[in-house]
Structures are given as structure tokens and as C-alpha cells.
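User: Hi! I am new to reading protein models and would like to know what the words used for them rest on. Could we go through this one together?
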Amino acid sequence: MDTIIINGTNDKAFKDAAKALRDGKLVAFPTETVYGLGADALNPDAVRRIYEAKGRPSDNPLIVHIAEISSLNELVAEIPEAAALLIDAFWPGPLTMVFKKSNLVPDIITAGLDTVAVRMPDNPIAQKLIKEAGVPVAAPSANISGRPSPTTCKHVIDDMKGRIEYIIDGGPCQVGVESTVLDVTSDVPVILRPGGVTLEMLEKVLGNVYTDPVLEIKGDIKPRSPGMKYRHYSPKAEMFLISGDPDPVAKKISELIMESKRKGLRVGVLTSRENADKYNADVIVNVGSVKHIEQIAAGLYDSLRTFDDKKVDIIYSETFEEKGVGRAVMNRLKKASAGRIIKADEEN
Ligand code: TXA
Ligand code: MG
């Protein structure tokens, strides 16, 4: 299949893309978090093609994207009070809420669950596309399943060219990690996935917010958000996180680099700007200063993809403070490394 790549500012091409979306075609588009792979959410055949294009397991439900509040009423059975407060505070923006679904929502969107995840993105191209298409838009991240989410048009092209009808270029995504997924069907809302709207921001509005235990404890807990159970956001090489204070972390990573090089491995390091000149690795990716965790989040997936492009055999990564967007950054790094964490201060 030929994939048409257009610039978000080209009005004529944009209208064609919106029409294609309305006609059941697949259109990748920018949002403020990551690029989405869009289809008409009310057209089960179109939605089925999303799963095919991504190679996504069919038991992992999709987020429905809307551009106007009136669309929410049609998709959900009720809007709990907490959700109404959060809509006022954070929509449009990087917050997805899980509601009891209405009968309008096809089963293929929700993977058979009785809930539906809905989000109103803040990116002007995303908003314009949804309005112009005139349908709610199902959109997972526009990557092949298991790859890091795309935060630039090039990432989308790398994964989706030849598999979908349109890609709309809107430049790099600002947030860089996916939306926060919050279940608002229980008395106290539960964070199923940390993201751009932080725990601290939610607590300010709601007072009390829970975090899904599956995000904190490793072990045999059944995830409430089906997507949480898959190995995700992975670079191709094995990745290890090194935790601890900055100096012991730098020392430990340097030792690990030497050890891996002795084995003949090509080594990548993901480092903060503060430590970037301390390492003697084959590929060093500097994700930015620990003082600006938002910038680290914005560049995170591009960094993970760089390791793939440069074909390293093993990756050592620093860890970041789990506060604010740092929670989302660490959640994605833990998944990318499949939970392989080495403590820097421990003797081994
Ligand atoms: O920022 C984002 O949310 C991006 C952009 C494109 O909007 N989208 C995105 O979609 O990250 P995706 O499909 O990659 O991740 C959706 C997550 C998955 O973890 C999925 O399991 C969860 O949302 N989810 C969807 N519907 C759900 C539901 N009814 N109940 C619980 N979790 C749900
Ligand atoms: Mg995804």
C-alpha cells in the first residue's frame, strides 16, 4: 500500500486525510503526547485494521479521541463527578479517562470490556482532524506493537509506511510520553498508567487518587488496564536500569561498560546531561538535564529508538526521580528494561 505523507499545514491534503479517516481508512496524526494511529471508532472494520497494522493483541483496548465535550455524552453511560472536575481542569490535554461505556461503542474498541477510555487531545492538528472527520477517532500510539511510541513523523514513517493510508506530519510531540490513564468508574479514581497529567496534578483537583498496585509491585497481579501486561516501549537490545545516587550510578555504569566491552559487546548508555561526559561507551544518548524532567520525557522515545538505529547489543540507563512526569518516565524505562534494575551501591 502507498502511504501518503502530508504536512499538517497543507489544507487541501488535510481535508483528503480527514475524508479518508471518515471513509474507514487509517490516518496517523500528531498529538501532544505521541503520534496516534487513527480510525473511525464507530466502524469496526476500520478499527480491526488498526490491530493488524500494529500487530497489536486484540485483547488490548483502544482510546477514543474526541474534540468536543458533546461527543463524550454519546460514548459513555455516565460522567461521574470526579470526571467532570478533571474535564474542567485538564481537557483538552494528556489525560485519558476510563468510563462505563454506552451501547454505541463497538466491542472491538473495548476488547469486550464494559468500559471505554476517552481522551480529548490538545494538539491543534489532532483537534482539527477529529472535527473535520466528524467521527470519534480510535487511536493507539502509531508504533509497531512492542516498539517505543513515535514522537516524530520519522518514527511513524519507520514503523507504518506501507501499512496505512496517511501520515500527517505535525513536528515533534511536546509531552513525549503517553497520556495518563485514569479509571473514574470507582469511588476513588485509579491511575492505570502514569503520564502527562501527574499524580500531583490529579491530587490537587480530587484530593484522593489511587495508583494501580500493578504499577508498584512486581508479581502476579491481574492488570486492570490490559495494556499494562505487555512488554512495551522496548528497544531491541537488552536494557538495564542502574539506580542509586548520581556518583555511585556513574561509577557502576562505567564498570558495566568495561565489563560488556571485554565481552565484545557494543554498549549504549542513556544518561543525564550531568553525567554525559563520564562514560566511555560506543553510543551515548544524552536525554537532558535532571533539572528538566519534562525535556527528558519529550526526548525519551527518540533516545530508545536511537539505540536501535545504532545497533547496540546492550544498554545501561540512569534512573530518574519518581515525581511529577518522572513517574511516567520511570514507568516507561522499567517496561523498556523489563524490570531489570541494578542497585549502584550494592556490592556484587
Ligand atoms: O497519549 C496517548 O494516550 C496516545 C495518544 C495517541 O493519544 N495513545 C495511546 O494509546 O497511548 P495506546 O493504545 O498505546 O494505549 C492505551 C492504553 C493501553 O494501556 C490500554 O490497555 C488502556 O489505555 N485502555 C484502553 N481502554 C481501556 C479500558 N477500557 N480500560 C482500561 N484500560 C484501557
Ligand atoms: Mg502504545
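Analyst: Happy to! One thing before we start: this is a predicted model. Let us begin with Thr-33, which has a relative accessible area of 3%.

User: Why is Thr-33 called buried?

Analyst: Buried means under 20% relative accessible area. Thr-33 has 3%, so it counts as buried. You will find Thr-33 in the loop between β2 and β3.

User: What makes the pairing of the side chains of Thr-33 and Arg-119 a polar contact?

Analyst: The cut-off for such a pair of N or O atoms is 3.5 Å, and one atom must be able to donate a hydrogen while the other accepts it. The side chains of Thr-33 and Arg-119 are joined by a polar contact of 3.1 Å, which is within that limit. The side chain of Thr-33 also makes a polar contact with that of Thr-31, at 2.8 Å.

User: Which residues is Thr-33 in contact with, beyond its neighbours within four places in sequence?

Analyst: Among them are Pro-94, Thr-151, Cys-173, Val-177 and Ser-179. Arg-119 is in that list too.

User: Arg-119 has come up twice now. What makes β6, its strand, largely enclosed?

Analyst: Five of the five residues of β6 are buried, so the rest of the structure largely encloses this strand. Both faces are covered: Thr-115, Ala-117 and Arg-119 lie on one side, with Val-116 and Val-118 on the other.

User: How do you know that β4 and β5 pair with β6?

Analyst: Two strands pair if there are at least two bridges between them. Three bridges join β4 to β6, and these strands run parallel. Five bridges join β5 to β6, which run antiparallel. Both counts meet the limit, so both are pairs. As for single residues, His-65 stands opposite Arg-119 in β6, while Met-97 has Val-118 as its bridge partner there.

User: What is Met-97 in contact with, and which core does it belong to?

Analyst: Leaving aside neighbours within four places in sequence, the contacts of Met-97 include Leu-86, Trp-91, Val-116, Val-118 and Leu-182. Met-97 and Trp-91 have the most contacts inside the largest nonpolar core, which has 46 residues. Elements giving two or more residues to this core include β3, α2, β5, β6 and α7. The largest share, five residues, comes from α2. A second, separate core has 25 residues, including Val-177 and Phe-307.

User: How do you know that the buried residues of α7 line one face of the helix?

Analyst: In α7, Cys-153, His-155, Val-156, Asp-159 and Met-160 are buried. Seen down the helix axis, they fall within an arc of 155°, so they line one face. A general rule helps here: an α-helix has 3.6 residues a turn, so residues three or four places apart point the same way. The buried residues of α7 pack against several elements, including β1, β3, α2 and α10. After α7 comes Gly-162, with a positive phi near 90°.

User: One last residue: is Val-105 buried or exposed?

Analyst: Val-105 has 3% relative accessibility; the limit for buried is under 20%, so Val-105 counts as buried. Val-105 lies in the loop between β5 and α5. Beyond its neighbours within four places in sequence, Val-105 is in contact with Leu-75, Thr-110 and Val-116.

How values were computed. Residues are numbered from 1 along each chain as its sequence is written. Chains are lettered from A and ligands numbered from 1 in the order in which they are written. This is a predicted model: local features need pLDDT of at least 70, side-chain atom pairs count only at pLDDT 80 or more; totals for chains, interfaces and linings use all residues. Side-chain values use heavy atoms; hydrogens and water are left out. Buried means under 20% relative accessible area, exposed over 50%, partly exposed in between (1.4 Å probe, protein chains only). Helices (H or I, at least four residues) and strands (E, at least two) are DSSP runs, numbered from the N terminus. The arc is that of the directions from the helix axis to the C-beta atoms. Contact means heavy atoms within 4.5 Å. A nonpolar core is a set of buried Ala, Val, Leu, Ile, Met, Phe, Trp, Tyr and Cys residues joined through side-chain atoms within 4.5 Å.
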